[in-house]
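Q: Please take a close look at a single part of this model, beginning with one open space at its surface and then setting that space against the rest of the chain.

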Amino acid sequence: MAIKAYGAFAADKPLEAMDITRRAVGPNDVQIEIAYCGVCHSDLHTVRSEWAGTLYPCVPGHEIVGRVLAVGGQVSRFKEGDVVGVGCLVDSCKHCHSCDDGLEQYCENGFVGTYNGPTNDAPGHTLGGYSQQIVVKDDFVLKISHPEEQLAAVAPLLCAGITTWSPLRHWNVGPGKKVGIVGIGGLGHMGVKLAHAMGAHVVAFTTSEAKRQDALDLGADEVVVSRNEGEMAAHANTFDFILNTVSASHSLDAFTALLKRDGTLCLVGVPEHAHPSPDVAALIFKRRAIAGSLIGGIAETQEMLDFCARHGIVSEIEKIDIQQIETAYERMQKSDVKYRFVIDSASLAKA
């Protein structure tokens with residue numbers, strides 16, 4: 001089955017229109033017509049080989065919302081016309097069908113990403129959501145229950161939403177907890193929204209005074225400009241949990257100093273080079289921890305989507321046509337988006 005897509009043939013080439021092939025629908029497969037696909041910074045890193053191991057042609061995209069076109073004979077959870085989503089994972093490792101513990105992203109044998117992952121399908125690696133359709137194992141398809149008018153803004157929940165939800169849930173964020181969100185961007189703005197809806201007291205950290213009101217509008221109870229030493233010092237030793245979404249290398253000491261005894265600073269951004277080594281004494285004497293978290297499993301992604309539907313939570317987006325993707329990448333690098341680009345997949349028909 002040949003369909004239209006957008007991708008790159010090399011790291012130094014711009015994304016362009018191409019025809020790709022999707023496999024025929026198997027017994028456990030779901031065929032999805034893609035309506036919207038969010039644009040993640042991971043797409044840019046991968047397509048330009050800023051992370052090692054990119055396979056070409058590379059078709060990015062792992063924040064997918066669409067409708068079911070067909071299902072395999074053994075699929076019972078979905079039917080034609082259902083609104084569904086696909087996130088960062090489309091299959092388990094080669095040694096199993098799905099993970100019983102719901103932690104597919106941490107499987108020691110590896111997982112199959114929505115793009116650039118191993119597969120028997122041509123061309124030998126997965127091709128993502130910058131395309132008209134995708135075929136996915138039913139275990140990795142998610143139910144979407146948001147209203148029609150919100151579907152474009154739901155797409156980033158499949159990566160930005162779950163990447164922030166997973167650590168917030170794991171570290172039991174909720175009423176009575178003081179929680180910090182570092183960075184008000186594609187990930188951070190979702191962290192603020194989710195932590196607020198979970199009932200925590202939310203403090204947003206930004207390097208820009210201009211984002212103070214934005215953070216309050218997103219649901220933060222307080223905003224701290226992290227370059228202001230006085231504002232930072234006023235919160236010393238008071239946080240139960242801090243979620244750091246910043247992907248640029250920076251000193252972590254300023255944030256670990258804000259944690260209570262037994263508090264945790266969790267990192268979800270991968271910097272271009274290593275963070276400076278943290279002050280070990282600040283960790284030892286307060287039994288503080290620095291941890292990391294990677295996207296999330298399928299079960300908790302569904303939990304997140306259901307939570308967001310109940311609370312009316314979506315991403316703040318700017319909708320674009322696929323032909324604007326290179327401009328969108330340039331703007332992403334300048335942090336010139338509030339807060340996530342989403343591709344209207346109907347524009348692929350013009351490719």
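A: About 480 Å³ of space lies in the second largest pocket, the volume being what is filled by probe spheres set on grid points joined across faces, edges and corners. A pocket here is an open set of points on a 1 Å grid over the protein atoms alone, with protein on both sides within 12 Å along at least five of seven lines, and a lining residue has an atom within 4 Å of a point. The model is a predicted one, in which local features need pLDDT of at least 70 and side-chain atom pairs count only at pLDDT 80 or more, while totals for chains, interfaces and linings use all residues. Residues are numbered from 1 along each chain as its sequence is written, and side-chain values use heavy atoms, with hydrogens and water left out.

The lining of this second largest pocket is made up of 25 residues, and those nearest its centre are Val112, Pro118, Thr119, Asn120 and Thr126. Two elements, strand E6 (89–91) and strand E8 (133–137), give two or more residues to the lining, where helices (H or I, at least four residues) and strands (E, at least two) are DSSP runs numbered from the N terminus. Strand E8 provides the largest share of the lining, with 4 residues. Sorted by class, the lining has 10 nonpolar, 9 polar and 6 charged residues; Ala, Val, Leu, Ile, Met, Phe, Trp, Tyr, Cys and Pro count as nonpolar, Asp, Glu, Lys and Arg as charged, and the others, Gly among them, as polar.

The pocket can be set beside an enclosed space. A search of the whole structure finds 1 cavity of 30 Å³ or more, a cavity being a set of points where a 1.4 Å probe fits but cannot get out. About 50 Å³ of space lies in the largest cavity, whose lining consists of Gly87, Cys88, Leu89, Leu158, Ile162, Ile295, Gly296, Ile298 and Thr301. In that lining 6 residues are nonpolar and 3 are polar, and no charged residue takes part.

In the wider chain there are 10 helices and 17 strands, and the C-alpha trace spans about 60 × 40 × 40 Å along its principal axes. An open sheet of 6 strands has the order E12-E11-E10-E13-E14-E15, with parallel pairing; two strands are taken to pair if DSSP finds at least two bridges between them. At the edges of this sheet stand strand E12 (222–225) and strand E15 (289–292), each of which pairs on one side only.

Part of the sheet can be followed strand by strand. Strand E10 (residues 178–182) pairs in the parallel sense with strand E13 (residues 239–244) over 4 bridges, and Ile181 has Leu243 in E13 as its bridge partner. E13 in turn pairs with E14 in the parallel sense over 5 bridges, with Leu265 in E14 as the bridge partner of Ile242. E14 and E15 also run parallel and are joined by 4 bridges, and here Leu265 stands opposite Ile290 in E15.

Some backbone details in the loops deserve a check on the display. The peptide bond from Tyr56 to Pro57 is cis, with omega near 5°, and Pro57 belongs to the loop between helix H1 (41–47) and strand E4 (64–71). The peptide bond from Lys338 to Tyr339 is cis, with omega near -5°, and Tyr339 is found in the loop that runs between helix H10 (325–333) and strand E17 (340–344). Arg287, a residue other than glycine, has a positive phi, near 50°, and lies in the loop between helix H8 (280–284) and E15, the strand that forms one edge of the sheet described above.
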